[in-house]
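This briefing gathers selected features of one structure, grouped by topic. Please read it alongside the sequence and the coordinates.

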Amino acid sequence: MKEKKISEDKLPELLKTLKDKFLVLVPEENDGVIEFKALGDTYAPLPGFSNSTRPVRTLFHLTYEPMFQFANSEEGFSLEEIQPEEVKRVIFGVRPCDANALGIIDNLFKDTYEDSYYLKRRENTYIIGLGCDTHDDACFCTSLDVSPVFSQNVDLMFNLIDGTFIIKSNTEKGEELLLSLSDLAEAKDEELQKLNEKEEKIKESISRNVNLENIDSRMRANFENSSFWQKVSGKCIGCGICTYNCPTCHCFDIIDEESKEGKGARFRCYDSCAFPLFTKMPMENPRHYKWERVRQKVHHKFEYFPLNFGVIACVGCGRCIRQCPVNWDITEVINEISKPDNKG
Amino acid sequence: MEEKLKKEVAALFDEKKIDYFVGYAKGSLMHKTTPLITKDKEEALKTVINPFIYNNLACYLRELPGRVGVVVKGCDSRSVVSLLQDNQIFRENLTIIGIPCSGLIDLEKVVSGIQVERHEITSIERQGDKVAVKAGGKEKTFEAEDLLFDKCLNCVLPVPKEADIMIGDKDSPPVNKEKSYHIIKKLKEEESAERWNFWKDQFKKCIRCYACRNVCPACSCTRCFVEVNRPQWVSPVQKWQDNLVFQMIRTIHVAGRCVDCGECERACPASIPLRSLQREMGDNVKELFGFESGMDKDEKPLIASYKDTDPNEFMR
Amino acid sequence: MVESSQNKNITLYTYSEVEEINGYIGNFEVKIRMKARSVDFTKCTGCGTCYQKCPTKVDSEFDMGMGKRKAIYIPFPQAVPNKPVIDREHCLYFKKGKCKVCEKVCPAGAISYEQEDEFVTVKVGAIVMATGFDLINTDIYGEYGGGRNKDVISGLQLERLISPSGPTGGHILRPSDQKEPKRVVFIQCVGSRDEEKGMVYCSNVCCMYTAKQAVLLKEHIPGVEIIVFYIDIRSGGKNYEQFVNQAIERYGVVYLRGRVSKVFEREGKLIVRGADTLAGTQVEVDADLVVLASAMIPRNDAKDLAKEVGIPYDEFGFYSELHPKLAPVETVAAGTYLAGACRSPRDIPDSVASASGAAAKVISLFSRDELSIEPLVSSIDTTTCIQCKMCQEVCPYNAIIQEEVTMRDGSKKKQMRVLESLCQGCGNCVATCRSSSVMLKGITDEQIFAELEAFSF
Amino acid sequence: METTKKEWQPKIVGFLCLWCSYSGADLAGSGRIKYAPNVRIIKVPCSSRVDPMFVIKALQNGADGVLVSGCHPGDCHYQSGNYNARRKFALTEKLLEIFGIDKRRVMFAWVAGSEGPKLAQVMDEISRTVKELGPNQLFSDKN
């Protein structure tokens, strides 16, 4: 289908029509935290580069979610499965990096075990991407071949060119959604040309860069280099910001919470490899030291995940750098590993 | 100042007085700084001093073996003293390099002040009571107290007390108690139920990343009580109830240790005003027991000591 | 005392003070300050020439200020060891740098002015507290003369007057004019059973020693008249009631039930004004000597020592026993026992009984190789402990120590440990530990948590 | 039998020290002193055993009120436990205030072993106060 377009000032109206059929989520700022919230009376676009504080995956793979309830009473043991809510959602304003990340973790949640919670939400959600007009100094999507204006994992892609949104449909779901929106004009070729120019311009201006040449073999070679890891992990405080707010991290823990009278529920909740308790076993902790945990995080993204699914689990959204309380910078670490003089 | 610090650091390495240097380096993001922990003299010379050295480096001291030279601001020096009181670090292993502090500039306040994003701001310069900010074509001068961190506006100790080397002269940030306390004051005036609802909403945002705890020098346990699972005081499931209980108990645990460095609030990715909790607790500790954290390394920790004259009126 | 000084298993430290107590049951380390005596005991023969020649006279503490001693002195005739000591506060040489008479006259050359306090640390397995008592200062009783009248004395002072080795050689002569008294008034419960000014408790011994002293006075001074003002006569104890009856019936001691409201001087006599509540009349008698049965109180520094040892004491300063009925000589500080009046006012038979009890407890403690204790004790998880030592700070029993241990790989590491023999299981350390590294067996957090959960709200 | 709807009764957790307050409760019992039955007692060796965490956890578990009681200052069976405890209690009280939990839900009291009547008084007082405050909805997901 040919790209459509809509004038910038018509967007709130468009979103409003979607609201009749869907739960429409749009980014909203509150106290410096940008969150996807249900669309209110009107949509107010956020200025400049403003990606959500938490990646959009947190709307699919929830911080915590009950999986089943159980009760143990005199009548016997009962168990009731809890399925995710059946709500058709439209998420508007997803940045290409975050959309790409969904594509990456789809691999995992669709793998040998199909994760119904995640997949059902994916199925029920229309993702409308919003191309970046600008970026900040933490962004490095270009290094990971992520376009700042398009992603394969959106249903619709919006890009603002001179006061007009160019709308590109990317999936059948997208097309279906687009068709439901009445009379949108088709974008002109020169507008599409301008979009390409915009893409090139942003790509050029992103200066943060990671060298991923032969990264897997270099990572492997560097694995045993404990002094390297000790050094680079020195200032890490071991909190969970970079993992919890990473668009591709997905580790979780399973907890049974039993309350009074034998009633309870099983929960799935986020867990982070930055924590000492992560995968700790009764007598042994596989990652006893901070440097081992930092190494796990980096290796998981750049070695193990590619090994399993053929794709690096990083999209260069820059959250881990931007939000880190001590400015720990993964790009510096990767580049350090990629340095030709790094002995490994 | 920076040059003097570099000279001192070089001398410490040359005289083999320290094994590690802990200071600040230029960060990888515009205007930000990052902790610098190194055994290498050349690397240590990358150290910087500017109004953005917000990290409280005391939180690294427990981990480092050997003799450590550490750069501290006034608030950080109180953390160091507090750790000394708690037997977590030992004075003979430390060379404390003190920096008189005239307040730290809160980049978020700069951004919202000039309405330009951080990475587009070309320069931020402190000139006495004023701060000049340049961004693209814009240029604006602010009153320093409008851009400093809230915590700095009611600083108890701008000049480190427990220090071996002092870099620079006396210095202190402007005082504006009103501004420093605006959240605390607002909450204090509310009914307790409203206060509870406020915190309830705040902790619905909490993702339990534990950045507040990990960045806090007062949280010196290797195993936190939340990691205890028999009994499970706090469930790992990030429900607001448990998030809130976690912070409540943390507040009790750091009472008498918290030096109002404000790192918990700065680190919080959910922008929960944690500092106002800790600061108010700290003020209460001072009022109740006349105890101010991290002022005298020979003082007994708050909870390990008592006085016959401690408040008793609240008891039935 | 002489006997115990000769026992090879007993070491007496006289003229010494306990400075510091460390350790725990079976392994106490007691640091003792042996005060400088200024006399070399290895040389002194105890001949007594020095204190005969010493020019300085001082009020004798042993004679309750009624007699004199010298600046170099033996506190009382049966003292062990029977060798003198120089009172540096009053000695002319120490005060003014001149005199040295004792040094000149000492045939053994035993005087040593340069002697300094010495410290000795002894290792002991158990400690018996036997710090005894003081008398309340009756100067607070203005109605009884407030200490201004020399002839108003305490029971202990009268005891010295009766003693053959006392200041009067056993002749009962009143302090003011050394005349034999013809009428003596005893006032009971001075400071005892007095919520207003004194102590709320009964001093236990006064009824009986008053009866004894009354009888002795009757025997010493023919025709002496004795009047005892009392609240009630407490003569519980073997043969005690008979003894009091005998004093009244055979010796004719007059007992008047009532309080004395005032003692004052008139024409060289002491006028005692009081009530006879049985007759319901006011009485006024003139006396030559008034004896006050002053209350027994703990030694003035008993509390300091208790803090050092780690035992509790009551509001007055008497040491607290572990259990009032079942463990009257034990204390909460394991390995520390109580004997005599340091626990509560008591007479000689009771003191001997409690001392024997304490000794028996010590013997039974020492006879075992292993100690059985309450199982409710704390323990520390050294893998999560950060050694902030807060538990050590709050432990009232010094039951938590930091020690160096050798790890499996041969390296040394410091860690905290609870001495189970000392721990009394209060749980203060548990609630103080932030990382939940301390556990109180039997009352664990898990158990309390389970109790909370079980309430099932 | 029961015809009238039962009046709501608060559930209160009481942490009582073994030596004083718990003995006080014993004494109140043997003295046949009547008091409100709302406090469920957890016996602890000493008030210093009470971690502020217990108080918070009790409230989170849905207790409508918490009573913590120990020996009077100076009377501690363990010498100084209650002095240490008092500092923690003062902090706990402030903590409740800071977070906006009604302070009246939590009561700290000194009750000696000889104070049976006071124990009864304290029990009545907290029961009455908490009853007035109503059920503890603080940690409830509703509202």
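**Aromatic pairs and accessibility**

C:Phe94 has a relative accessibility of 28% and therefore counts as partly exposed, since the buried class ends under 20% and the exposed class begins over 50%. The model described here is predicted. For the complex, the predictor reports an ipTM of 0.91 together with a pTM of 0.80.

- C:Tyr113, in contrast to a partly exposed residue, is buried, because its relative accessibility is 5% and the buried class covers values under 20%.
- Across all chains, a search of the whole structure returns 37 aromatic pairs.
- One of these pairs joins B:Phe198 to B:Trp199 in an edge-to-face arrangement, with 4.9 Å from centre to centre and 80° between the planes.
- B:Trp199 has a relative accessible area of 1% and is therefore buried.
- C:Phe94 and C:Tyr113 also form a pair: their ring centres are 5.9 Å apart and their planes meet at 70°, so the arrangement is edge-to-face.
- This second pair links distant parts of the chain, 19 residues apart: C:Phe94 belongs to helix H3 (residues 92-96) of chain C, while C:Tyr113 sits in the loop between helix H4 (101-105) and strand S7 (118-124) of that chain.
- A single aromatic cluster brings together residues of chains A and B, namely A:Tyr244, A:Tyr270, A:Phe275, B:Tyr210, B:Phe225 and B:Phe246.

**Charges over aromatic rings**

- In chain A, A:Lys173 is placed over the face of A:Tyr126, 5.3 Å from the ring centre.
- A:Arg268 is likewise placed over a ring face, that of A:Phe252, at 4.7 Å from the ring centre.

**Nonpolar cores**

- The largest nonpolar core holds 225 residues, and the members that touch the most others are D:Phe15 and D:Phe99.
- Helix H3 (residues 81-99) of chain D supplies the largest share of this core, with eight residues.
- A second core, separate from the largest, has 25 residues, among them C:Ile153, C:Leu217, C:Ile221 and C:Val224.
- Leaving aside residues up to four places away in sequence, D:Phe99 touches B:Arg195, B:Trp196, B:Trp199, B:Phe203, B:Leu244, B:Gln247, B:Met248, B:Thr251 and B:Leu277.
- The list of residues touched by D:Phe99 thus includes B:Trp199, the buried partner of B:Phe198 in the edge-to-face pair.

**Contacts between chains**

- Five pairs of chains are in contact, and chains B and D share the most contacts among them.
- Chains A and D are not joined by any contact; their closest C-alpha atoms are 9 Å apart.

**The open sheet of chain B**

- Five strands of chain B form an open sheet with mixed pairing, in the order S2-S1-S3-S4-S8.
- Strand S2 (33-38) and strand S8 (165-166) of chain B are at the edges; each has a single partner strand, so one side of each lacks a neighbour in the sheet.
- Six bridges connect strand S1 (residues 20-26) of chain B with S2(B), and the pairing is antiparallel.
- Within S2(B), B:Leu36 is the residue opposite B:Gly23.

**Strand S3 of chain D and its partners**

- Chain D has an average pLDDT of 90, and 96% of its residues score at least 70.
- Strand S3 (residues 65-70) of chain D is largely enclosed by the rest of the structure, because six of its six residues are buried.
- Burial extends to both faces of S3(D): one side carries D:Gly65, D:Leu67 and D:Ser69, and the other carries D:Val66, D:Val68 and D:Gly70.
- Strand S1 (residues 12-17) of chain D runs parallel to S3(D), joined by five bridges; here D:Gly65 is the bridge partner of D:Ile12.
- Strand S4 (residues 106-110) of chain D also pairs with S3(D) in the parallel sense, over five bridges, and D:Val106 in S4(D) stands opposite D:Val66.

**A buried loop residue in chain A**

- A:Val56 lies in the loop between strand S3 (33-38) and strand S4 (64-73) of chain A.
- With a relative accessible area of 0%, A:Val56 is buried.
- Residues touched by A:Val56, not counting those up to four places away in sequence, are A:Phe36, A:Ile91, A:Val94, A:Asp98 and A:Leu102.
- A:Val56 and A:Thr248 are 192 residues apart along the chain, and their C-alpha atoms are separated by 10.0 Å.

Key:
Residues are numbered from 1 along each chain as its sequence is written. Chains are lettered from A and ligands numbered from 1 in the order in which they are written. This is a predicted model: local features need pLDDT of at least 70, side-chain atom pairs count only at pLDDT 80 or more; totals for chains, interfaces and linings use all residues. Side-chain values use heavy atoms; hydrogens and water are left out. Rings of Phe, Tyr and Trp (its six-membered ring) pair if their centres lie within 6.5 Å; planes under 30 degrees apart count as stacked, over 60 as edge-to-face and the rest as tilted. Buried means under 20% relative accessible area, exposed over 50%, partly exposed in between (1.4 Å probe, protein chains only). Helices (H or I, at least four residues) and strands (E, at least two) are DSSP runs, numbered from the N terminus. A charge sits over a ring if NZ of Lys or CZ of Arg is within 6 Å of the ring centre and within 35 degrees of the ring normal. pLDDT is the predictor's confidence in each residue, from 0 to 100. A nonpolar core is a set of buried Ala, Val, Leu, Ile, Met, Phe, Trp, Tyr and Cys residues joined through side-chain atoms within 4.5 Å. Contact means heavy atoms within 4.5 Å. Two strands pair if DSSP finds at least two bridges between them.
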